[in-house]
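Open the model in your viewer and keep the selection panel handy. We will go from stop to stop, and each one tells you what to select and what you will find there.

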Amino acid sequence: MLEQLILYFVCKTKGYITKTQLVKFLYLADLYSVKWTENQLTELDWCYYTHGPWEQGIDEALRSMEESICLRKEGSASMVELRDQSLLDAEFNFPLGLDLMLENIRKEWAGSGKLPELLDYVYATAPMVEAKSKFESSDKVHLNLSLERDKMLEELGV
């Protein structure tokens, strides 16, 4: 599923997505899935590390997808681009609810000017708030994604 999600976000942003944005999009996809279904989409073990959510499996997946995508430096950013432009027409056939959730992430946060807002939003999620309050950014600690669901249920009075 991780590779499908990476390809989805790269295709839907027409190959104009930074690695930082991609990592945050993947985090939000897993976070929202846990929030609404109690299950992650990927098997990533998200960590608080160097100020944000991170998981080394993303780098491994990007390397394994070198036939489809590539990383290119643009200033200080690493851009994730398609090698094969025909992939822009790829059909992902996700269930409707998942497709709507992923499309919402893309529409809300894609674009170079939205990165500061995206980072602020991600850092304000319950797992990140807890981690930042207890640990240093140089620590590498597990993020408890279910905290976002707990926060929602509390707000709903359930």
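**Stop 1: C47 and its sheet**

Start by selecting C47 and W54: C47 stands opposite W54 in β3. Keep in mind throughout that this is a predicted model. C47 itself belongs to strand β2. Is C47 buried or exposed? With a relative accessible area of 11%, C47 is buried.

Now show what surrounds C47. Setting aside residues up to four places away in sequence, C47 touches G52, P53, W54, K140, V141, H142 and L143. For a distance label, pick the C-alpha atoms of C47 and L31: these residues are 16 apart in sequence and 12 Å apart in space.

Next, widen the selection to the strands. β2 (residues 47–49) and β3 run antiparallel and are joined by three bridges. They are part of an open sheet of three strands in the order β3-β2-β6, with antiparallel pairing. β3 (52–54) and β6 (141–142) stand at the edges with a single partner strand each, so one side of each has no neighbour in the sheet.

**Stop 2: the other sheet**

Select residues 17–18, 69–74 and 77–82 together. Which order do the strands take here? This open sheet of three strands runs β1-β5-β4, and the pairing is antiparallel. The edge strands are β1 (17–18) and β4 (69–74); each has a single partner strand, so one side of each is left without a neighbour in the sheet. Add α1 to the view: this helix packs on the sheet, where it touches β1, β4 and β5, and its direction makes about 95° with that of β5.

Look at the pairings one at a time. Six bridges join β4 to β5 (residues 77–82), and these two strands run antiparallel. Two pairs to label are C70, which stands opposite E81 in β5, and E74, which stands opposite A77 in β5. The hairpin of β4 and β5 has two residues between the strands, and there G75 takes a positive phi near 65°. On the β1 side, β1 and β5 pair in the antiparallel sense over two bridges. Label T18 as well, which stands opposite M79 in β5.

**Stop 3: where α1 meets α3**

Keep α1 (residues 2–12) and add α3 (residues 56–64). The axes of these helices come within 10 Å and cross at roughly 75°. α1 and α3 are therefore roughly perpendicular to each other. Show side chains for the residues in contact: L2, E3 and I6 in α1 meet G57, I58, A61, L62 and S64 in α3. Colour them by type, and the contact of α1 with α3 divides into five nonpolar residues, two polar and one charged.

**Stop 4: R106 in α4**

Move to R106, which lies in helix α4. How is this arginine placed, buried or exposed? R106 has a relative accessible area of 18%, and buried means under 20%, so R106 counts as buried. Turn on its contacts and, leaving aside neighbours within four places in sequence, you will find F9, K12, T13 and F25.

**Stop 5: the buried residues of α6**

Select helix α6 (residues 126–134) and highlight A126, P127, M128 and A131, which are buried. What do these residues pack against? Their partners are α2, β2, β3, α5 (115–123) and α7 (146–156). Two of those, β2 and β3, will be familiar from the opening stop.

**Stop 6: two residues with positive phi**

If you have a Ramachandran plot available, open it for the last stop. Most residues other than glycine have a negative phi. Select E38, which is not a glycine and yet has a positive phi of about 70°. E38 sits in the loop between α2 (19–37) and β2. Its relative accessible area is 55%, which makes E38 exposed.

Then jump to N93, found in the loop between β5 and α4 (96–109). N93 is not a glycine either, and its phi is positive at about 50°. At 68% relative accessibility, N93 counts as exposed.

Note on methods
Residues numbered from 1 in each chain as written. Predicted model: local features only at pLDDT ≥ 70, side-chain atom pairs only at ≥ 80, totals over all residues. Heavy atoms only, no water. Axes fitted to C-alpha atoms, helices over the stretch in contact; angles between N-to-C directions. Helix = DSSP H or I, 4+ residues; strand = E, 2+ residues; numbered from the N terminus. Parallel < 35°, antiparallel > 145°, perpendicular 65-115°, else oblique. Contact = heavy atoms within 4.5 Å. Nonpolar A, V, L, I, M, F, W, Y, C, P; charged D, E, K, R; others polar. Pairing = 2+ DSSP bridges. Buried < 20%, exposed > 50% of the residue type's maximum accessible area, 1.4 Å probe, protein only.
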